[in-house]
Amino acid sequence: MRKAITLISAIALALTISGCSTDDGTSPTPNGSTSIATPDPNLIPVAPGTEVKAIDPSFFDVGFSEFLFRVGDGPVWCTINADEKWALCEQNEATAEYAPVPTPEDCQGSYGYQIKLYEDSSTSTLADAAAAGFLCSGGYYSDPSVAQALNNGESVTVGNIKCYVNELTARCDNGNGQYIALGPKVWAAKN
């Protein structure tokens, strides 16, 4: 009788633990042929329309052909590099409210908190020469404490990359229909 109770208890415990699994097949994946999944696609800002106010990029010029802005009062900041033709948005891991992004085995740093968009994939250093994707990072690229705010409904364009702010989320687009988005609750990359 004691063995039967122990066996039933073990089976019940195993079923309980397996029911707590968080992998339901909807977890974001860090790579894909056309896009990177996001926690909730409805949170991705749509492409900016004519109601978005363009701000002079010289306001965000930090030298060395780089333009740095903070996303309103939110935790995200972005850098656009005019010479190398990319945009990089990043945030502190502690401010991210989305589930952690699966880290590639070859990444020994932080992953899922810096996302990069190239003007076109021909100059990309990302895996598979993708135009948009996450970076394995050992630290921040830019210092957000010196960044000027780009506010909700405002955009800045440098070269062929246009970034704009929708509440606490930044979205940067290139001229090829590819984009990245990063905010405390959402991330996206479309290749």
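A residue counts as buried when its relative accessible area is under 20%, as exposed when it is over 50%, and as partly exposed in between (1.4 Å probe, protein chains only). With that in hand, 41% of the 191 residues of the chain count as buried. This is a predicted model, in which local features need pLDDT of at least 70 and side-chain atom pairs count only at pLDDT 80 or more, while totals for chains, interfaces and linings use all residues. Numbering starts from 1 along each chain as its sequence is written, and side-chain values use heavy atoms, with hydrogens and water left out.

**Exercise 1.** Place Ser142 and describe its surroundings.

*Solution.*
- Start with the location: Ser142 is in the loop between strand E8 (132–137) and strand E9 (148–150). Strands here are DSSP runs of E with at least two residues, and helices are runs of H or I with at least four, numbered from the N terminus.
- Next, check accessibility: Ser142 has a relative accessible area of 10%, so the residue is buried.
- Then list the neighbours. Leaving aside residues up to four places away in sequence, Ser142 touches Leu68, Trp77, Thr79 and Glu90, where contact means heavy atoms within 4.5 Å.
- Finally, look at Thr79 again: its side chain makes a polar contact of 2.4 Å with the side chain of Ser142. Such a contact is a pair of N or O atoms within 3.5 Å; within protein, one must be able to donate a hydrogen and the other to accept it, and residues adjacent in sequence count only if both atoms are side-chain atoms.

**Exercise 2.** Work out the setting of Asp83.

*Solution.*
- Asp83 sits in the loop between strand E5 (76–81) and strand E6 (86–91).
- Its relative accessible area is 56%, so Asp83 is exposed.
- The side chains of Asp83 and Ser65 are joined by a polar contact of 3.0 Å.
- Now try a C-alpha distance: Asp83 and Val158 are 75 residues apart along the chain, and their C-alpha atoms are separated by 10.0 Å.

**Exercise 3.** Examine the backbone at Ala129 and Glu167.

*Solution.*
- Recall the background: most residues other than glycine have a negative phi.
- Ala129, which is not a glycine, has a positive phi of about 55°. Ala129 lies in the loop between strand E7 (110–118) and E8, and is partly exposed at 39% relative accessible area.
- For Glu167, phi is positive too, near 60°. Glu167 belongs to the loop between strand E11 (161–166) and strand E12 (169–173), and is exposed at 58%.
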